[in-house]
Amino acid sequence: MKERLDEQTMALRVARELQEGWYVNLGFGIPALCTNFIPEGKTVFFFAENGLLGFGRNADSDEAELLGWRYVDAAARPVLPAPAMAVFDYAEAFDMIRGGHIDCTVLGGLQVSEKGDLANWRLPVYKGKGGTIGGAMDLAACCKRVFIVMTHTEKSGKPKIVRECTYPLTAKRCVNLIVTDIAVIRVTSHGLSLEETAPGWTAAEVQELTEVTLEVSPNLKTMAL
Amino acid sequence: MSVNKVVPSFDEAIADIRDGASIMVSGAQGPLGVPRNLLLALRRKGTRNLTLITATGYRSVSAAKFYGFPHAEDWVDHGILIDNRQVRKVVCAMAYVPGRDSVLQKQYEAGEVELEHLGHGPFLLRMWAGAAGLGGIYQPVGIGTILEEGKEKRVINGREYLLEMPLTADFALIGADKADCLGNLVYKGTGRQYGPIMAKAARVTIAEVDEVVVPGGLAPESIVTPGIYVRRVVKAQPEVHK
């Protein structure tokens, strides 16, 4: 079995895409790890949809206690204030999202289609309307850029990059970039372009685990990690 | 000042919430913004068949313990009303997540509780429409998803929008940091949460606060929720809520 990237390394790779001065939202799970991989000297403003803009690193429980548990992100994780941080309420936060003011959201994914449709709010085990929409539909439909970070296949080996999403949709034609544990794929107007493969992986091996035919970029390279 | 919205006890503050009422409850992340003692009072009263309008359909006990929040061992949020079978219908932004205590999932799948699952944005806009006296709002989120079901769709300037109808409630229970006796509110840290929007959208808003100050004790430009939206204020006692 070939080695795949671990979660930290996937977060490192997607974090490199975040540009100086961007206002960025991070979803739960692997996306949230991106805060660990912003190099010294680069300024990225992290936005949490519970009403926090420009927060610092995670606080441990002693630090949180000292602050009176004052600041938490959307996953209820205590964070430290940073200079020029702003707090507001949910309604303001979702105006920022819906109004297209957030430069980028990094989200997890269950499936992405070749057109860039995203399914990520309901696991197949749930029934009816159950699951977690939260901010996912707003973020995916309205942020300027949508980056998905996810394993390339389900645990069973089933491809997650598919012709049509079979799980309930989060938003249509919204994804710009997919970073997986074996590849970096860009969504273009004419399909999916394979830009990078993980160390040790060939384009043909990535294709084998992908339901959609990938267009191999003329600049295909191995991920620099 | 002859107007005084401060009520002496939590039980008194919620005494007129009757069976079948609709209630909005603030708080979603962490202890701030959660009207802890109002929720405990409502559980004591045992009011039933409530429509609960709130961010999440689950109790955040495991997250509270994981991050070491105050009261984590004895965590209180709106989920206690679902656990205690006082709720007939839940309207929320997040129904349940893997690994969290999900009494709602069991009750919904058994057909005991109705569920309206909206996502935050449409949920907030519906409350805003209710608060601001609008007939509805066209918004762009949820096109091609389950949120389209039963909604009017309209193309405006080449983009598709869904019509969201106003959402109001009989009561809102919210948590804030400080109030004056006229109900002007300020919040602490990320504790605003759903407080400001719910205070506007409900007919009767009851705020639980850590401190009550004299009129004039809050700088006018610091007030987040003006007292016109707040009917009652109750102060949490230090021994029950630090």
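Four short exercises on this predicted model follow, each with a worked solution.

Residues are numbered from 1 along each chain as written, chains are lettered from A and ligands numbered from 1 in written order. Local features need pLDDT of at least 70, side-chain atom pairs count only at pLDDT 80 or more, and totals for chains, interfaces and linings use all residues.

**Exercise 1.** Describe the secondary structure and the overall dimensions of chain A.

*Solution.*
- Start with the elements: chain A has 5 helices and 13 strands. Both are DSSP runs numbered from the N terminus: helices are H or I with at least four residues, strands are E with at least two.
- Next, the radius of gyration is 18 Å, close to the 17 Å from the globule rule for 225 residues, so chain A is as compact as a globular protein of that length. The radius is taken over C-alpha atoms, and the rule is 2.2 Å times the number of residues to the power 0.38.
- Then the box: along the principal axes, the C-alpha atoms of chain A fill roughly 55 × 40 × 30 Å.

**Exercise 2.** Is G29(A) buried, partly exposed or exposed, and where is G29(A) found?

*Solution.*
- Locate it: G29(A) is in the loop between strand 1 (23-26) and strand 2 (45-48) of chain A.
- Count neighbours: G29(A) has 14 C-beta neighbours inside 10 Å, so it counts as partly exposed. Buried needs 20 or more other C-beta atoms within 10 Å, exposed 12 or fewer, and partly exposed lies in between; C-beta atoms are placed from the backbone.

**Exercise 3.** Work out the sheet formed by strands 5, 7 and 6 of chain B.

*Solution.*
- Order the strands: the open sheet runs 5-7-6, with antiparallel pairing. A pair needs at least two DSSP bridges.
- Find the edges: strand 5 (137-139) and strand 6 (153-156) each have a single partner strand, so one side of each is left without a neighbour in the sheet.
- Add the twist: it averages 40° from one strand to the next.
- Place the helix: helix 6 (residues 120-132) of chain B packs on the sheet and touches strands 5 and 7. Its direction makes about 160° with that of strand 5. Axes are lines fitted to C-alpha atoms, for helices over the stretch in contact; angles run from 0 to 180 degrees between N-to-C directions.

**Exercise 4.** How many residues of chain A are in contact with chain B?

*Solution.*
- Count: 39 residues of chain A contact 46 residues of chain B. Contact means C-beta atoms, placed from the backbone, within 7 Å.
- Name the elements: helix 3 (90-98) and helix 4 (136-142) of chain A give two or more residues to this side.

Notes
Two residues are in contact if their C-beta atoms, placed from the backbone, lie within 7 Å.
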